[in-house]
Amino acid sequence: MERTIGSSLRKQKTGNLELVEVIDLDGRKFPPRLKSLLKKIGEAADEFGVNVYLVGGLPRDILLGQPNLDVDIVVEGDGIAFAKQFSRQERGEVKPHKQFQTAIVVLPRGFKIDVATARTERYEKPGALPTVEVSGIKDDLYRRDFTINSIAIQLNRRCYGKVIDYFGGHQDLKAGIIRVLHQLSFVDDPMRTIRAVRFEQRYGFNIEQKTERLLREAIQAGLLDKVSSERIGKEITLILKEKDPLPAVKRLSELGILGAIHPQLRADRQTEVLFFELGKIFSSTAVPRHLHRWVLYLLALLYPLSPEVRKQVAERLALSKKVRDCVSKLETVEEKIRLLDDPSLKPSRVYFSLRNLPTEVLLLMAARAKPISNRIFLYLEKLKTARTEISGEELKQIGIPSGPIFQKILDMVLAARLDGEVDSKQEELKLAEEIWREANR
Ligand code: ATP
């Protein structure tokens, strides 16, 4: 990693003898359409008469040689006016946010650019949103979470690729260190405790010693309690969306962050085994592509808890209704596992006992109890989509009056089909008639 960073650096001396690094953006390995976009932004800024900088995750990942397509820029000047001008020039769409002096530009080829006016922030209370004032790039970088995220790369033509690094972020990237910019950083925004873990584990870095002490102090002081559920939920979700979230979840637990979210929340041996089994399931082909893997990891994290505690955590994380529904269905998992453990269970029983469970919960069951996982996959791959050939229409035609009885008969016919007792439309109709006759006897 260090070699990648060092190799394309040119160092220049400025008037005041400060070392300035300029990287050859054109020579870097990232998509050509991103390169040409960055060039265009710089040229447009020159025309508009403002300084423009690439900030946030992209400069960090460019220096690390990691893929990233999130274009965040900061303008020293009127960010919204620049966004409007650039969007007009590129025939994009612009969504300004006057209150924050920011705008989003969406370009026809799908690129999205976050444009901000350089600003400084003042935190009146821990966890509360800051008050914001227009400023220069240095102040804008100073309000950021970690040194590695406070690097900017200038895009104006005359300084294209100039690395603006006031806080030693580039050095920390090389050394693999997560470091806050000042000692009140976690007090200003306790969310940064979770973010520190995310970046540490994603890149295999270490949270610097003093930063870790400040982090632990912030957690012990209960500062996370002051953060809104929506923000906590969002950061935890981002952790669970990481490629391999287990190390980060274990680290959150070890630092007391999970315990600060709920005293009973932790990553223990059971969590580890479940995450590991889920990882194996994800590499199997049977898993639907659209599945939200992070939801499964969340379910694994909540699984060892009581239904009541699960509910409390779900509230603290402000989970969506759909995810909360999955969480509440965890309650039935143990009972279903016991039921499915009977080798003589007919396919129709498997079908009817699983049909009200979301795929996420089913896969968690498969991870939890390997001996029954083949049953779960049988359900997902075959039984779930099985249908009768007859419908309510045919039942009407043979004289059965419409009503709730329709569904009952169709379910019984479906059960017979799943168990291989009927195999054609004719046989299904015959069975439906028999059931109807029997019911009227
Ligand atoms: P990722 O690669 O996961 O998207 P990112 O660094 O791009 O990481 P974002 O959440 O998109 O993360 O934030 C963009 C930038 O905004 C960060 O790099 C950082 O400079 C700044 N930032 C985001 N959240 C905070 C925060 N809570 N406190 C301070 N700065 C923040």
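Here is a short chat about the ligand site and one buried residue in this predicted model.

User: What makes the ligand's link to Arg-60 a polar contact?

Analyst: A ligand oxygen is 2.8 Å from an N or O atom in the Arg-60 side chain. The cut-off for such a pair is within 3.5 Å, so this one counts. Arg-60 is also among the residues that come nearest to the ligand, along with Asp-189, Arg-192, Arg-198 and Arg-202.

User: Which other residues have N or O atoms placed like that, at 3.0 Å or 3.1 Å?

Analyst: The side chain of Arg-195 has an N or O atom 3.0 Å from a ligand oxygen. At Asp-145 a polar backbone atom takes part, 3.1 Å from a ligand nitrogen. As for cover, the protein hides 76% of the 590 Å² of accessible area that the ligand has on its own.

User: Where does the ligand sit, and which helices supply its shell?

Analyst: It's in the largest pocket. Helices H3 (57-64) and H8 (191-203) each give at least two shell residues, and H8 has the largest share with five.

User: How do the shell residues divide into nonpolar, polar and charged?

Analyst: Twelve are charged, three are polar and one is nonpolar. Arg and Asp count as charged, so Arg-60 and Asp-189 belong in that group.

User: Why is Thr-359 called buried?

Analyst: Its relative accessibility is 13%. Buried means under 20%, so Thr-359 qualifies. You'll find Thr-359 in helix H19 (residues 359-368), and its side chain makes a polar contact of 3.5 Å with that of Lys-384.

Terms used: Residues numbered from 1 in each chain as written. Predicted model: local features only at pLDDT ≥ 70, side-chain atom pairs only at ≥ 80, totals over all residues. Heavy atoms only, no water. Near = heavy atom within 4 Å. Polar contact = N/O pair within 3.5 Å; in protein donor to acceptor, adjacent residues only side chain to side chain. Areas by Shrake-Rupley, 256 points an atom, 1.4 Å probe, with all protein chains shown as cover. 1 Å grid on protein atoms, 1.4 Å probe; cavity = no way out; pocket = protein on both sides within 12 Å on 5 of 7 lines; lining within 4 Å. Sits in = over half its atoms within 2 Å of the grid points. Helix = DSSP H or I, 4+ residues; strand = E, 2+ residues; numbered from the N terminus. Buried < 20%, exposed > 50% of the residue type's maximum accessible area, 1.4 Å probe, protein only.
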